[in-house]
Every structure is written in C-alpha cells, then in structure tokens.
Amino acid sequence: MPESVAQYAEVFDVGQALQSVGGDVEFLTEVVGLTQAAWPTLLTDIRDGVSRGDLHAVETSARLAKAAARNVSAKRAYECALQLYTMACKGDLQAALNAIAPLEQEVEMLRFFLATLADDLCPA
C-alpha cells in the first residue's frame, strides 16, 4: 500500500472502499470524483441553512453528507455528519452550528486525501 494511503487510513479506509465497489478501482475513482464534486455544495447548504435557522435544510444536507462520506468509507467525516444531522433533527440550532467546524475539518482532510487517491491506486 502506498505510504500516502496508509498515512490517511484514519480518514479514509481504502480497503473498505474498494470492497464496497467489488474491487473495481475505476468505479471507485468515479465515486470519489462524484463525492469530491458534492462536498462544496453540501457544506454551503449546511452553512446557509444554519445561518437562516432552517434546521430542516441542515438536516437534509447533513443526511446527504453522511451518504457522501459513507460512499467513500470516510468514517470520521460520516461521524461528524451524523452528529450534525442528529443536532438538526433535535432542533438544536446552536449545537448544529458547533458541529459544522468539525465536519468541515474532516472534509478538508478527506478532500486532500481523495485528490491524491487516483494517482496512488493507479500509478502511471
């Protein structure tokens, strides 16, 4: 396993991700690309929902963020999105606001790692 992949094992479980797509590296690369493209919109929608006090919108976007994280076996990002989703479902605006920063940090680490994933899995 390439060093950079092993280094981010706590952010992204490559083995689990590959298993989830039947070992198809090309398909995993496509899933990663779709997930990468979704994160900016999801985070913007979450921030906007909180700023408007619209917990239903936060709940919806957090649910989609959970799915995006799960699709690429990103356990910590999933857990952060789950925390945000739970706070939104409970109607706790302040807790939802507090849950955004940890999610953004995890997504930033995940996005950095996923950006290098294709090169690590498919060296030239």
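Okay, one term before we start: when I talk about a bend at a residue, I mean the angle between two axes, one fitted to the seven residues ending there and one fitted to the seven starting there. Keep that in mind, and keep in mind too that this is a predicted model.

So, with that in hand, look at Ala-38. Helix H3 has a kink of about 30° there, shortly before the proline Pro-40. We'll come back to H3, but let me give you the overall layout.

The chain has six helices and zero strands. Reading from the N terminus, the order is simply α-α-α-α-α-α. Of the 124 residues, 40% are buried. And if you take contacts between residues at least 6 apart in sequence, 67% of them join residues at least 24 apart.

Now back to H3. It covers residues 25-52, which is 28 residues, and its first and last C-alphas are 40 Å apart, close to the 40 Å expected at 1.5 Å a residue. At its start, a side-chain oxygen of Asp-24 comes to within 3.1 Å of the backbone nitrogen of Glu-26. Just past its end you find Gly-53, with a positive phi of about 75°.

Which residues of H3 are buried? Leu-28, Val-31, Val-32, Thr-35, Gln-36, Trp-39, Leu-42, Leu-43, Ile-46, Gly-49 and Val-50. If you're wondering about the spacing in that list, remember that an α-helix has 3.6 residues a turn, so residues three or four places apart point the same way.

Two threonines in H3 are worth putting side by side. Thr-35 sits in H3, and so does Thr-41. Are they buried or exposed? Thr-35 has a relative accessible area of 5%, so it counts as buried, the cut-off being under 20%. Thr-41 comes out at 48%, and therefore counts as partly exposed. Leaving out residues up to four places away in sequence, Thr-35 touches Ala-68 and Val-72. As for Thr-41, its C-alpha is 9.0 Å from that of Ser-61, with their positions 20 residues apart in sequence.

Ser-61 brings us to H4. This helix has 17 residues and spans 24 Å from first C-alpha to last, close to the 24 Å expected at 1.5 Å a residue. Its start has an Asp as well: a side-chain oxygen of Asp-54 reaches to within 3.3 Å of the backbone nitrogen of His-56. After H4 comes Ser-73, with a positive phi near 55°. The buried residues in H4 include Ala-57, Val-58, Ser-61, Ala-65, Lys-66 and Ala-68. Yes, there's a lysine in there.

Okay, the core. In soluble globular proteins, nonpolar side chains tend to be buried together. Here, the largest nonpolar core has 37 residues, and those with the most contacts inside it are Phe-12, Trp-39, Val-72, Leu-84, Leu-103, Leu-110 and Leu-114. H2, H3, H4, H5 and H6 each supply at least two residues of this core. H6 gives the most, with nine residues.

Pick Val-72 and see what's around it. Setting aside neighbours within four places in sequence, Val-72 is in contact with Phe-12, Ala-17, Val-31, Val-32, Thr-35, Leu-110 and Leu-114. So Thr-35, our buried threonine, shows up again on that list.

On to the polar side of things. Glu-106 is in helix H6. Why does Glu-106 count as buried? Because its relative accessible area is 11%, and anything under 20% qualifies. Its side chain makes a polar contact of 3.0 Å with the side chain of Arg-76. Beyond four places in sequence, the contacts of Glu-106 are Arg-76, Ala-77 and Cys-80.

That leads to the cysteines. How many disulfides does the structure hold? Zero. Cys-80 is buried, at 16% relative accessibility, whereas Cys-89 is partly exposed, at 39%.

Last one: Gln-83, in helix H5. At 42% relative accessibility, Gln-83 is partly exposed. Its C-alpha lies 9.3 Å from that of Ile-100, and the two are 17 residues apart in sequence.

That's my tour, so let's open it up for discussion.

Key: Residues are numbered from 1 along each chain as its sequence is written. This is a predicted model: local features need pLDDT of at least 70, side-chain atom pairs count only at pLDDT 80 or more; totals for chains, interfaces and linings use all residues. Side-chain values use heavy atoms; hydrogens and water are left out. Helices (H or I, at least four residues) and strands (E, at least two) are DSSP runs, numbered from the N terminus. The expected span of a helix is 1.5 Å times one less than its number of residues. Buried means under 20% relative accessible area, exposed over 50%, partly exposed in between (1.4 Å probe, protein chains only). A polar contact is a pair of N or O atoms within 3.5 Å; within protein, one must be able to donate a hydrogen and the other to accept it, and residues adjacent in sequence count only if both atoms are side-chain atoms. A nonpolar core is a set of buried Ala, Val, Leu, Ile, Met, Phe, Trp, Tyr and Cys residues joined through side-chain atoms within 4.5 Å. Contact means heavy atoms within 4.5 Å. A disulfide is a pair of cysteine sulfur atoms within 2.5 Å.
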